[in-house]
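Got the model open in your viewer? Let's walk through it a selection at a time, cysteines to begin with.

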Amino acid sequence: MLQLRDDDFWRIVKFIKANYGINLEKKRVLVEGRLTNMVNKLGYTDFKTYLDSVLNNTNSVEFEKFVNKLTTNHTFFMREPEHFEFLKSEVLPHIERTVRDKDARIWCAASSTGQEPYTLAMTIDEYFGVRRDGWDLKILATDISTDVLKKAYEGIYTVEMMADVPPAWIKKYFVKLDSERYQVCDRMRREIVYRQFNLMDPISYKKPYDLISCRNVMIYFDADTKNALIDRLYDALKPGGYLFIGHAENISKATRFQCIQPAIYRKPL
């Protein structure tokens, strides 16, 4: 039976930490569970041989699958709804008042399978309504995993995944495919631009962002990695721009950000 040896596990931990910032030290069961079937199917008899092959060929399909397996995180519609209430009551009115060229810059920085950026897009559509004419309100949604980006782009979800979506939104923003699946309507899907991006890389942008949502990904980072990312996110925001993080996450008290309420920060004007 294929088993993950200590040296192979720590080799994986060090590689993922160095390249993607994710700390898997306490995730041995997850690592072994996600990789074992794949390694078996490829015909390897031990993890060392598999790792020798995949880590020495980072442009291969198998390397992409390896990264996808270890960087995919759980998400769902309307997660941490306080953020979406604050978006409607504070962030969007601020954008409407201050963005003179009607080109809003919004980035969902860990989009996973799409439930978060679609929730953002639907909240924005509800807020602007008939006033959205002339506005560019498209959302940039990024993730390191190409697997989840493909699922997000397709926008297909089971009835079970839709449990927290308001019935009015299901009627307005989704198309029923069959008894078990819905798809986000074309109009909303066009509001999201999906791109692969590693949060450890420098952040490039034509214009700074009005809102960055980077939720429930920094829980996998150590303090130094998290603080360095927070600094990059700060620099990528406009003065007065907002940052959403997960409620299980926190930012150092020494941050340049102003804390507005739990998990919501602002770059001072």
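Select Cys185 and show its sulfur. The closest cysteine sulfur belongs to Cys108 and sits 18 Å away, too far for a bond. A disulfide here would need the two sulfur atoms within 2.5 Å, so Cys185 has no partner at that distance. Turn on the surface too: Cys185 counts as buried, because its relative accessibility is 12%.

Now jump to Cys259. Which cysteine has the sulfur closest to this one? That is Cys214, at 16 Å, again too far for a bond. With a relative accessible area of 48%, Cys259 is partly exposed. How many disulfides does the count come to? Zero. Keep in mind as you look around that this is a predicted model.

Next, go back to Cys108 and follow the backbone pairing. Cys108 stands opposite Ser213 in strand 7. Select residues 106–108, which make up strand 1, together with strand 7: three bridges join the two, and they run parallel. Then colour strand 7, residues 209–213, by accessibility. Is it mostly covered or mostly open, and how many of its residues are buried? Mostly covered, with five of five buried.

Stay on strand 7 and add residues 237–244, strand 8. These two also pair in the parallel sense, here over four bridges. To find your place in the ladder, pick Leu211, whose bridge partner in strand 8 is Tyr242.

There's another sheet to visit. Select strands 3, 4 and 5: they form an open sheet in the order 3-5-4, with antiparallel pairing. Strand 3 (156–158) and strand 4 (174–176) are the edges, each pairing on one side only. Neighbouring strands in this sheet are turned by 30° against each other on average, direction ignored. Zoom in on strand 4 and strand 5 (residues 181–184), and you'll find three bridges joining them in antiparallel fashion. Lys176 makes a handy marker, standing opposite Tyr182 in strand 5.

Last stop: the helices. Select residues 82–98 (helix 5) and 115–128 (helix 6). Their axes come within 10 Å and cross at roughly 60°, so the two helices are oblique to each other. What is the handedness of the crossing of helix 5 and helix 6? It is right-handed.

Show side chains to see who meets whom. From helix 5, bring up Phe84, Leu87, Lys88, Leu92, Pro93 and Glu96. They meet Thr119, Leu120, Thr123, Ile124, Tyr127 and Phe128 in helix 6.

Terms used: Residues are numbered from 1 along each chain as its sequence is written. This is a predicted model: local features need pLDDT of at least 70, side-chain atom pairs count only at pLDDT 80 or more; totals for chains, interfaces and linings use all residues. Side-chain values use heavy atoms; hydrogens and water are left out. Two strands pair if DSSP finds at least two bridges between them. Axes are lines fitted to C-alpha atoms, for helices over the stretch in contact, and angles run from 0 to 180 degrees between N-to-C directions. Buried means under 20% relative accessible area, exposed over 50%, partly exposed in between (1.4 Å probe, protein chains only). Angles under 35 degrees count as roughly parallel, over 145 as roughly antiparallel, 65 to 115 as roughly perpendicular and the rest as oblique. A crossing is left-handed if the near helix is turned anticlockwise from the far one by less than a right angle, and right-handed if clockwise. Contact means heavy atoms within 4.5 Å.
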